[in-house]
Amino acid sequence: SNASFTFTAPIASSTNYAVTVSSEPTGQICTVSNGSGSAKANVSNVSVTCVTAALLVQNNQLLDSTGKVVVFRGVNVQVYQTGNVNDLAAVAAAVKRSGANAVRLEWWSNVNDGWPSSGYQPPLYTLANLDAAIQTYADLGILPIIELHDVTCWLAIGLNPGTGQVCNDTTMFANRITNFWTTPGVVAIIKKHQNHLIVDLANEWGSVYSASDEATFVSNYVTAISTIRTAWSNGGVCNLPLMVDSPNGGTDVAAFTGPSTTAGKSNGQLILEADPLGNTMFSVHAYWAAVDGITHTVIDSYMSSIASSNLSIVVGETGAFADGNCANTVDFQYVLNAAYTQKLGTIAWAWYQDGTCAVASDPTNLTGNNADGVTLPAYVPGSLTFQNLVLYGSGYGLATAVPVNFGP
C-alpha cells in the first residue's frame, strides 16, 4: 500500500541498498523514490507510490482500464483538412461509423517554421485545438494517439533532405519534439487527457544504417523519454503510455527487436527501461514492398520477431505502397493477415488527403483521394482493394474492432 513499511531482514551498517518493486499490482504503475543509498542508520525516506493506469503496457501487451488486451483496429487521420478547414467533428463522426477503436492523429507543432512546401502558417494547429481534437475522439469512445510529424525524415518543416544525416539530428529532435512535449501548456493538456490518450513522440524519426546510427537512435529516445517523464511528473501527469516509432520511415523492425550493445537486451528493451513507469510501446510501419526485396517470408519473419519480442508493438501504419512511389506496391492483404495471425494491432494509412497517387480513388485513402473525409465507401463483397479490406476485412477490418475501455 502507499504507506510506510519495514523489511523483515536487516542489512549491515554502511551496506548499499536498492529498493525496487518486483511485481506491480494489476492495473497499476509503481514508482520508488529515494530507493537507493548506503544504510548508515535506519532508512525512513524510501517511498513507493502506485497509481491506477487507465492504459498500461505489460510485457508485449497494452491493457485497457478493465485489464483487457487492446488490439488496435485504427486509422491515421489528419486533424484538419489541409490545415485550414475545421472538419474535426464531421470526420471524427465518420471514423466512429467505420468502427475504428483508435485514431492516430497527425499533429504539427513548430508551425512558425512554415508549412511543408507552402510557406504559410496553418491557423488551426493551436493548443486549444489540440485539446479539442483529443476530447472529440475520446468522447466518441475512440482512443486518440497524438503523433508529432515535425521531424519526419523527408517531410520535416524547414529541413533540407540530402545525405540522410538530417534524419538523425538529435538537436533538432530536442528542439522540436522534446521541447514541445515539455512545454507547460502541452503538459497541462496531457494531464487533462492522460486517462484516454497515447503520445507517439515523433513520427518516423531516425535513419539507421550502421551501428553508430543505431546507438544514436537509442540514446536519443533514452534521453528524451527521461526528460519528458520528469517534466510530466512535475506537472502532475502520471500514467499514460508513450509510443516510439521505428526509424527508416518506420519500416525497421530490427531497430527494436535486434540485439543492442548491451548483452542480453534488445534496443527496444533499452528504450523501455528509460521510462521510469515502464509504460512505453512501439510502432512499426509496414511499407514493405516487393521491389525492395520484401517477400512474404520476410514479412512473416518481421511479424514473428515482433510477436516474440516481449515488447508492446503495434503496426502503426499499414499502406498500399512504399517509398512515396505508387508503383512500389505493398501486399497489404498479406500484411494485414500476417498481423492478424500474430494478434498484432494495425492502424491504416490513411483516412483522407494523405495519398500521392494522382487518381480519384487513391489506394492509400480510405475515403478516396477527392472525398470529403466523411463518406465511407460501401462494402463490396469479394473486393481486395485497400479500402475494402481495411474497412471491412474479416478479423482485421475496422468494422470488426473491439472497443477500448479507458478513463474519462
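Start with N203: at 1% relative accessibility, this residue counts as buried, because buried means under 20%. N203 sits in the loop between β10 (198–200) and α5. Leaving out neighbours within four places in sequence, N203 is in contact with R104, E147, L148, H149, V151, T152, D245, H285 and E317. Keep in mind as you look around that this is a predicted model.

**The whole chain**

Let's zoom out. The protein has 10 helices and 16 strands. Of its 408 residues, 50% count as buried. How much of the contact list, counting pairs with a separation of 6 or more, comes from residues 24 or more positions apart? They account for 71% of those contacts.

**Four asparagines to compare**

N203 has company: here are four asparagines, each with its place in the chain and its relative accessibility.

| Residue | Where it lies | Relative accessibility |
|---|---|---|
| N203 | loop between β10 (198–200) and α5 | 1%, buried |
| N388 | helix α10 | 6%, buried |
| N129 | helix α2 | 18%, buried |
| N405 | segment after α10 (386–392) | 31%, partly exposed |

Take N405. Is N405 buried or partly exposed? With 31% relative accessibility, N405 counts as partly exposed, because that class covers the range between under 20% and over 50%. N405 also shows how far apart in sequence two residues can be while their atoms sit a few ångströms from each other: N405 and S65 are 340 residues apart along the chain, yet their C-alpha atoms are separated by 5.7 Å. Beyond residues up to four places away in sequence, N405 touches A54, L55, D64, S65, T66 and K68.

N388 has a partner at a shorter sequence distance. N388 and A378 are 10 residues apart along the chain, and 8.1 Å separates their C-alpha atoms. With neighbours within four places set aside, the contacts of N388 are A378, Y379, V380, S383 and G393.

N129, in helix α2, is buried at 18%. Its contacts, not counting residues up to four places away in sequence, are Y80, W107 and L124.

**Helices side by side**

Helix α2 is a good one to follow, so to speak, as it turns up in two helix pairs. The two pairs are α1 with α2 and α2 with α4.

In the first pair, helix α1 (residues 88–98) packs against helix α2 (residues 127–139) at an angle of about 30°, and their axes are 10 Å apart. α1 and α2 are therefore roughly parallel to each other. Their crossing is right-handed. On the α1 side you'll find L88, V91, A92 and V95, which meet A132, A133, T136 and Y137 in α2. Sort the residues of this contact by type and you get seven nonpolar, one polar and no charged.

In the second pair, α2 packs with helix α4 (residues 184–193) at about 15°, again with axes 10 Å apart. That makes α2 roughly parallel to α4. The crossing of α2 and α4 is right-handed. Here α2 contributes L127, L130, D131, I134 and Q135, while α4 brings G185, V186, I189, K192 and H193. What mix of residue types does the contact of α2 with α4 have? It divides into five nonpolar, three polar and two charged.

Further along the chain, helix α8 (residues 296–307) and helix α9 (residues 332–341) pack at about 30°, with their axes 10 Å apart. The crossing of α8 and α9 is right-handed. H296, I299, D300 and M303 of α8 make the contact with Y334, V335, A338 and A339 of α9. By type, these residues are six nonpolar, one polar and one charged.

**Into the core**

Two of the names above come back here. The largest nonpolar core holds 88 residues, and Y137, W181, W232 and M303 touch the most other members. Which helix gives the most to this core? That's helix α5 (residues 211–234), with seven residues.

Have a look at W181 while you're there. Not counting residues up to four places away in sequence, W181 touches I146, L148, V186, V187, I190, V199, D200, L201, I228 and W232. A second, separate core has 16 residues, including I198, M243, V314 and I347.

Note on methods:
Residues are numbered from 1 along each chain as its sequence is written. This is a predicted model: local features need pLDDT of at least 70, side-chain atom pairs count only at pLDDT 80 or more; totals for chains, interfaces and linings use all residues. Side-chain values use heavy atoms; hydrogens and water are left out. Axes are lines fitted to C-alpha atoms, for helices over the stretch in contact, and angles run from 0 to 180 degrees between N-to-C directions. Helices (H or I, at least four residues) and strands (E, at least two) are DSSP runs, numbered from the N terminus. Angles under 35 degrees count as roughly parallel, over 145 as roughly antiparallel, 65 to 115 as roughly perpendicular and the rest as oblique. A crossing is left-handed if the near helix is turned anticlockwise from the far one by less than a right angle, and right-handed if clockwise. Contact means heavy atoms within 4.5 Å. Ala, Val, Leu, Ile, Met, Phe, Trp, Tyr, Cys and Pro count as nonpolar, Asp, Glu, Lys and Arg as charged, and the others, Gly among them, as polar. A nonpolar core is a set of buried Ala, Val, Leu, Ile, Met, Phe, Trp, Tyr and Cys residues joined through side-chain atoms within 4.5 Å. Buried means under 20% relative accessible area, exposed over 50%, partly exposed in between (1.4 Å probe, protein chains only).
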